[in-house]
Amino acid sequence: MEHIRTTKVEQVKLLDRFSTSNKSLTGTLYLTATHLLFIDSHQKETWILHHHIALVEKLALTTSGCPLVIQCKNFRIVHFIVPRERDCHDIYNSLLQLSKQAKYEDLYAFSYNPKQNDSERLRGWQLVDLTEEYKRMGLPNSNWQLSDANRDYKICETYPRELYVPRIASKPIIVGSSKFRSKGRFPVLSYYHQNKEAAICRCSQPLSGFSARCLEDEHLLQAISKANPANRYMYVMDTRPRHRMQSWWATQKDIGRIILNAMANRAAGKGYENEDNYSNIRFQFVGIENIHVMRSSLQKLLEVSGSRGLSVSDFYSGLEGAGWLRHIKAVTDAAIFLAKVLIEKDWISFGHKYSDRCGHLDGDPKEVSPVFTQFLECVWHLTEQFPQAFEFNEAFLLQIHEHIHSCQFGNFIGNCQKEREELKLKEKTYSLWPFLLHDQKKYFNPLYSSTSQKLAVLEPNTVSFNFKFWRNMYHQFDRTLHPRQSVFNIIMNMNEQNKQLQKDVKDLESQIKQHKNKQTDGVLTKELLNSVRPESPALKTSLCLKEQTLLPVKDALRTVEGSSPADNRYSEYADEFSKAEPAVVSSEYGVARMTC
Amino acid sequence: MEFAELIKTPRVDNVVLHRPFYPAVEGTLCLTGHHLILSSRQDNTEELWLLHSNIDAIDKRFVGPLGTIIIKCKDFRIIQLDIPGMEECLNIASSIEALSTLDSITLMYPFFYRPMFEVIEDGWHSFLPEQEFELYSSATSEWRLSYVNKEFAVCPSYPPIVIVPKAIDDEALRKVATFRHGGRFPVLSYYHKKNGMVIMRSGQPLTGTNGRRCKEDEKLINATLRAGKRGYIIDTRPLNVAQQARAKGGGFEQEAHYPQWRRIHKSIERYHILQESLIKLVEACNDQTHNMDRWLSRLEASNWLTHIKEILTTACLAAQCLDREGASILIHGTEGTDSTLQVTSLAQIILEPRSRTIQGFEALIEREWLQAGHPFQQRCAQSAYCNSKQKWESPVFLLFLDCVWQILRQFPCSFEFNENLLIMLFEHAYASQFGTFLGNNESERCKLKLQQKTMSLWSWVNRPSELSKFANPLFEANNLVIWPSVAPQSLQLWEGIFLRWNRSSKYLDEAYEEMVNIIEYNKELQAKVNILRRQLAELETEDGMQESP
């Protein structure tokens, strides 16, 4: 609290980012220990979590006041005008402090209290169990086993304790290999495809230099290869673009980060016994740039999409210049190479998502973020091509993205399991997953079809025209840019309504039956009847969300009193945009600038 | 002329047809006067029937004795026929070329087409100007129907009946016609019931370099203004283009002569610039090899979405002036038959809920495009694969449909129709068995006796079995003005048209079906709950009566 000097400023203006007429809302700005809150004259609240703030800027003083621009990690950009420079300065300084916490203990997650008791909290953390996940994959089995080599994080600090490795790989081999790999990240199992007996492993780059080799590492790779007896070749996929790798390539000994034992049973080649370093291994390069390139690419993308009065051709040349979609395509292409056989609907479904996230997220959040955003975007592109294959919806992806940065829950804090244990996250913070599960209705894809099993393996089309700008991510908070009516919400609500209606039908039928029975009995008990009346389930309001601007989902539909769907659907949503028109049209975003 | 003269080889066996996303089909190829037919003569395989008029361009290739004809259609589809025998292949190719480029309209298929369906309502009489006027006449008495153009003598591209201000007599209209390009004097396009303001459209004023003026013209448009109110003239050309037009006898309204009007210049492209844009876009969409950067730069270079944005922006501006500013508007470009119609019709989509219904949209096409004299015959003569590059060929109507699609995407529940109606209209504007889109204006259609000799598209579309294909299951009447976003981030490539033949839409179609199922199920359940409630209520009253006799 020592950072906060001013807690409340009145008569603050919030400018519309895309307005050409400098339209604004006036309201009061509040600064709390965790949030910046703006309440406008219509009592609409805009909450900004300090942890979401990426950049605060104080612009030059104008006649109407002192402009304060805040850019958030969830791509929200707000532009305030604070009447008095002094207030602006105070808030600016406070936000600078509050948005950059030096210690983990200052993060919101350590103070956030959702009123769960200890056992609830524990259950929340246990919701996702890695051991269970591996069990689902059919592990351990005759080829793969759980290794205790990293039990005390001695071999690799950034790996979890529990690792699956080939049964025939001995501890010395693992230790040897880890010394050869950057940060000790030796090849371990990431995903196992039970039916096809194929595995995805991952590791970091080898420290082989120009000529060095490491026998243990070679042994380990051979062991991995042998642990997949169904497949003759093992594919090593290097996710770096080839030009960065030329010197390595020259040595013909590259080992990338991802190792895939693909099924491709090509014509017989050299056997395992061949001592030619890494025989039976095929190298594959996919041009995924490093995180720094990615970060600046995203930065460029945001600059383009954020500019006012943007022309179509600026937008597209900007998209091209930013290269973001090119990277997305590269990542997806790579995944498809992997996925020729492996991407399974199940793998990307609800439950697994969680564990994936828990197990794999590491690295400084700032460094990781674009990579993770990219992952989410790739998944989004898949959902666009296969609208029925995913159990979750876009809101789910956006919500996860929101919380990687929010630091409200313990899940994404810390860089690796070791660090997370040291932070005692499980005792001190809460897990996100129970909250998402609690709200799962919001995140279900109404079109999801479990019968799309025939889609078990998705075969996405990666021709460039399939990749589109993800407006709902990068303009999540710029409502004027979005469709004014959401088909998705309507279908989602209707799906919910259908469930309620089914229940109503059942209740009514049983009441009628009861009545008929009673008529024959001549007995009547009115109270009983009334008690059977269906009541709408009262949904608790979401705890994990301060607001959800995009894809707003209304509370459960009330019992339908035989009314037309019009009463409880989107008419309100449409009104908001059309009746109140001003916000949308009047010369928003170049619709109408009158020039003579 | 007999078609037989053009058909050198009417039939070839063992022809293989290749289409994207379908397995190759081997069968017999037949040429008739109007169709290219390929039939595998198996019960379960679909036959290909292709109208010659749908063929935009053909390429031929030979590998040994096997000839290949690549047929590029006006709806952007590309199919390939492998024809054994060089002579057969050459004959087929030259026949297709001749049959797909027939000069005479009266040889077109609509004059030969005999419908296999029962005509419930003759589409030629579905949308009469008198009926349209009746919709207004309850709300206003300031307008009248004029028959001044009965013999198409005053304006060849106008229909015989137009709506004009009551205060202006036919004599004045004749004078105004001499002052406007193509005789297109200002007429009523849309009457906004909410505030009594109107959209009018016309050709450019023929001011020339010496600033000619026409008192009747000034009087005509001033008649639409309320006392003390100003109106807006939206010129769809940039100011410099309008200025240059003076040298050719055209021009724009001078402030001095129209003091109550504020002129706004926009820049909507016309003619070959649009055609080139379409050619580039379709080329980019058909190329599946290029990488991300190249795709984005080709998409940008086509400028298609820039045109969409410009047209939509101008329509929004017109709608805004009318609805928000409460001002009357006159819209024109040069001839008043292209960009003008795009703007007037889109403004109505935005403002008028009726034009978002199926009937209302058809009426809009009929009124603002067909009767208003958009030269369909010229504009839609060729499509994206043409080599001829004639100045008058231009995808003006397709751009309009694309703009409607953009609005439909942003307001998916406010339209009674779905994307299929727009795609169908696009197809029929370029090649059709119906007479609706033949000719360049009502005068030509009258001379061709289309009403007597051909079938109207609306006769076919407006039958319940067809209508169900075009119905939007999400539709819920929305009586409000709908304001679309025109930001580049909000505009999208119309995949249903441009990627239609380039990718499989299987999963998207299945998802759409699932959506329809959910909606249908919802209706079913609601009906059931209502019945059960009633039953229960009846039982309860019966019980009550038994209880207290």
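The overall fold and the nonpolar cores of chain B are described below. The model is predicted, so that local features need pLDDT of at least 70 and side-chain atom pairs count only at pLDDT 80 or more, while totals for chains, interfaces and linings use all residues. Residues are numbered from 1 along each chain as its sequence is written, chains are lettered from A in the order in which they are written, and side-chain values use heavy atoms, with hydrogens and water left out.

Chain B contains 20 helices and 14 strands, assigned as DSSP runs (helices, H or I, at least four residues; strands, E, at least two) and numbered from the N terminus. Its radius of gyration is 26 Å, close to the 24 Å given by the globule rule for 549 residues, so chain B is as compact as a globular protein of that length. The radius is taken over C-alpha atoms, and the rule is 2.2 Å times the number of residues to the power 0.38. The C-alpha trace spans about 95 × 80 × 55 Å along its principal axes.

Of the 549 residues, 61% are buried (under 20% relative accessible area, 1.4 Å probe, protein chains only). The largest nonpolar core (buried Ala, Val, Leu, Ile, Met, Phe, Trp, Tyr and Cys residues joined through side-chain atoms within 4.5 Å) comprises 179 residues, and B:Phe185, B:Phe361, B:Leu425 and B:Phe498 have the most contacts inside it. Helix H9 (residues 304-323) supplies the largest share, 12 residues. A second, separate core has 27 residues, including B:Leu48 and B:Ile55.

Beyond four places in sequence, the contacts of B:Phe498 include B:Phe76, B:Trp304 and B:Asp402, contact meaning heavy atoms within 4.5 Å.

Terms used: Buried means under 20% relative accessible area, exposed over 50%, partly exposed in between (1.4 Å probe, protein chains only).
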